[in-house]
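Thanks for coming. I will take one structure today and go through it piece by piece, starting with a small turn and working outwards.

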Amino acid sequence: LKLKTKKEMANSYETTSDSLLVAAIDFGTTFSGYAFAFKSDYKEDPLKISGFTWTLGSQAGLSLKTPTCVLFNARGDFDSFGAEAEEKYTALAESEDHHSWYFFSRFKMQLYKNHEIPRNLTIEDDQGKHLEAIKVISKSINYLRGHLMEQIVKRDIQIKKTEITWVLTVPAIWSDPAKQFMREAAVEGGIPNSQLMLALEPEAASIYCKHLPTERLDSGGKSALGAFSPGTKYLILDAGGGTVDITVQEVQTDGSIKQLYMANGGDWGGTKVDQAFDEYIMELAGPTTVYKFRDEDKAGHLDLCREFEIKKRNIQPDQTSKVTFRVPSTLSEIFKREEGTDFKQSVSSSKRVTWVGDKLRVDAALAQGFFDSTCQHIVQHLKGIFKEEKVRGTDTILMVGGFSDSPMLRKAVEVSFPDKNIIIPHEAGLAVLKGAVQYGYEPRIISTRICKFTYGVRTNSRFKEGIDPESKRKIRDGKSKCGDSFSKHVIIGQAVHINEAIEEKMYYPSYSDQTKMRVSIYTSTEEDPRYTDDPSCAYLGELTVQMPDTSGGKHRQVSVQLTFGGTEIEVKATKIGTGEETKAFLNFLR
């Protein structure tokens, strides 16, 4: 057995980026950060990736990520991001000056929850006021982009802005409209569109783990050697703060990675544990007290949230000792004011909870129970996937993402899948961020992806007597056509190679002076939908092809090819006769 050196690992798959620097932004639900690597360093060691160590506000601790929080002033102008935004907002709240300000946290999930995303989508802040989502996200990305560039300048390295490739991470389960929204937000945030790539989070994490030496992979006593050798299949469980992304991959003989099972998952991330804790506090103190506590003591509520965020990471599945949480005194004061009784006495009647000073001590079983619902969701979903024919022979589960650092989730997966080799990289929460940098240098390392839907366009096809309903009959140039026909480009579950253009479709203008054509794009959860208004179908967006030269009249032809193998759908349009490329673009936003 010959082990590769770091340099050999970096060169084992072609480094395709011409950029001198790849910079990645991991814009997460709960935490965000950035990382970067210079090409010269990457060629020597693909793990030589730099980041920035943030301080976590008034709480002790340092991290390569900062809370995903952003603050705007009363005029709607950007003020601050991360822990700095949290601190300033709580300071404003303490002096009752926060009412006209806008404070947003954990807002990324709005793009997951909205299946149809209008370009003017608004999101709600801490006080119920709204701003446009594109503004909130673009200003956040702009802050991280600017902060990263400051670190480059401090290194006194001369690099042109055009020599940078930017990579932005997105969950693999996100819709095409959500991906487009993030791209447009990033461009508005100062990243040139031509220099921007989107990386799917579980894929980025997989690339990072593939580069790691075995001693930096925790495999629970089993050997991690050969976990990424050619022919190996593994399931990636990317458990983040908001979403859980799951996919199955196989390493090919050339070192590239092939997706075997379409990305899926749900909103079962670490924030669900936070919600369970919130519900427990609500149960103890009552809704009236809790809502007034959140409103009257912003700083105290933030401290309680941070306290739980730190403590939940260390709750152990075999723990028997109580878990202690420091609770702000204002919660007790508000309870007494609202309920007329002492909060501590009211709570102490429960044998599972005790008070010591300002500390709430909770039975271990109660604290462990905060994880039950989300862990069960994840485990049940994994069991369903392992029953699929396509993933037969998959013996390894690769756990990444910040929530994978939780001993509770690790134990739940280990107990449920004792026959699987479970591998968790050191610093699982940074796997996506660092892997995104590596993806920027090696985008072709992901060789094949699985289509999540059947994609097609609405067209008029030949009317089939006795099959097509009369309601869809249209007469065009004296011939019967069937309206609303679904013309397929790719099929759900189809394996598509990266940069593989699906068969070209010919389009003609409807009238001689037409300068652009619009084609409606649809998706379906069925392999062979016949009509775009079938129950399985959904309108996705519009393809627009520019045809400014009208000299050919209605006889002009344009060949359109859609590419589905990348992280985003791409389009290319070519004029028939001249071979000249013409502008074409996709729009999935309403």
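**A hairpin, then the rest**

Look at Val-356, which sits across from Lys-359 of strand β20. Please keep in mind throughout that this is a predicted model. The pair belongs to two strands, β19 (residues 353-356) and β20 (residues 359-362), which run antiparallel and are joined by four bridges. Together β19 and β20 make a hairpin, with two residues between the strands. One of the residues in the turn, Gly-357, has a positive phi of about 65°.

What do the two faces of β19 look like? Val-353 and Trp-355 make up the covered face. Thr-354 and Val-356 make up the uncovered one. So Val-356, the residue I opened with, is on the uncovered face of β19, because the covered face consists of Val-353 and Trp-355.Now a strand of another kind. Strand β13 (residues 196-200) has five of its five residues buried, so the rest of the structure largely encloses β13. On one side of β13 the buried residues are Leu-196, Leu-198 and Leu-200, and on the other they are Met-197 and Ala-199. Both faces of β13 are therefore covered, as expected for a strand that is largely enclosed. Its neighbour β12 runs parallel to β13, and five bridges join the two. Within that pairing, Val-167 has Met-197 of β13 as its bridge partner.

Next, the sheets. Strands of a sheet pair through backbone hydrogen bonds, in either a parallel or an antiparallel sense. One open sheet has eight strands, in the order β14-β22-β21-β15-β16-β17-β23-β27, and its pairing is mixed. At the edges are β14 and β27 (495-497), each of which pairs on one side only. Inside this sheet, β17 (residues 257-266) and β23 (residues 446-450) are parallel, with two bridges between them. Ile-257 is found opposite Ile-446 of β23.

A second open sheet has four strands, in the order β28-β31-β32-β33, and here the pairing is antiparallel. Its edge strands are β28 (505-507) and β33 (581-582); each has a single partner strand, so one side of each has no neighbour in the sheet. The partner of β28 is β31 (residues 558-563), and three bridges hold that antiparallel pair. Met-506 lies opposite Ser-559 of β31.

Back to the eight-stranded sheet for one residue and one helix. The residue is Pro-425, in strand β22. Is Pro-425 buried or exposed? Its relative accessible area is 1%, and buried means under 20%, so Pro-425 counts as buried. Beyond its neighbours within four places in sequence, Pro-425 is in contact with Cys-209, Leu-212, Arg-216, Leu-217, Leu-398, Met-399, Val-400 and Ala-431. Pro-171 is 254 residues away from Pro-425 in sequence, and their C-alpha atoms are 19 Å apart.

The helix is α15 (residues 407-416), whose buried residues are Pro-407, Met-408, Leu-409, Arg-410, Ala-412 and Val-413. The elements that cover them include strands β14 (217-218), β15 (233-239), β21 (396-400) and β22 (421-425), along with helices α13 (364-369) and α14 (372-386).

Two loop residues deserve a mention for their backbone angles. Most residues other than glycine have a negative phi. Arg-106 is not a glycine, yet its phi is positive, at about 50°. The loop that holds Arg-106 runs between β9 (102-105) and α4 (110-113). With a relative accessibility of 36%, Arg-106 counts as partly exposed. Asp-156 also has a positive phi, near 55°. Its loop lies between α5 (133-154) and β12 (164-170). Asp-156 is exposed, at 63% relative accessible area.

To finish, the whole chain. The protein chain contains 16 helices and 34 strands. How does its radius of gyration sit against that of a compact globule? For 590 residues a compact globule would be near 25 Å, and the protein chain has 26 Å, which agrees. Along the principal axes, the C-alpha atoms fill a box of roughly 85 × 60 × 55 Å. Of the 590 residues, 55% are buried. Counting contacts between residues at least 6 apart in sequence, 70% join residues at least 24 apart. The exposed area is about 26400 Å², and carbon and sulfur atoms supply 47% of that. As for charge, there are 77 positive and 81 negative side chains, and the centres of the two sets lie 3 Å apart.

That is the tour. I am happy to go back to any part of it.

Technical notes
Residues are numbered from 1 along each chain as its sequence is written. This is a predicted model: local features need pLDDT of at least 70, side-chain atom pairs count only at pLDDT 80 or more; totals for chains, interfaces and linings use all residues. Side-chain values use heavy atoms; hydrogens and water are left out. The radius of gyration is taken over C-alpha atoms; the globule rule is 2.2 Å times the number of residues to the power 0.38. Buried means under 20% relative accessible area, exposed over 50%, partly exposed in between (1.4 Å probe, protein chains only). Contact means heavy atoms within 4.5 Å. Accessible areas come from the Shrake-Rupley method with a 1.4 Å probe; for residues, only the protein chains shown count as cover. Lys and Arg count as positive and Asp and Glu as negative; His and the chain ends are not counted. The place of a charge is taken as NZ of Lys, CZ of Arg, CG of Asp or CD of Glu. Two strands pair if DSSP finds at least two bridges between them.
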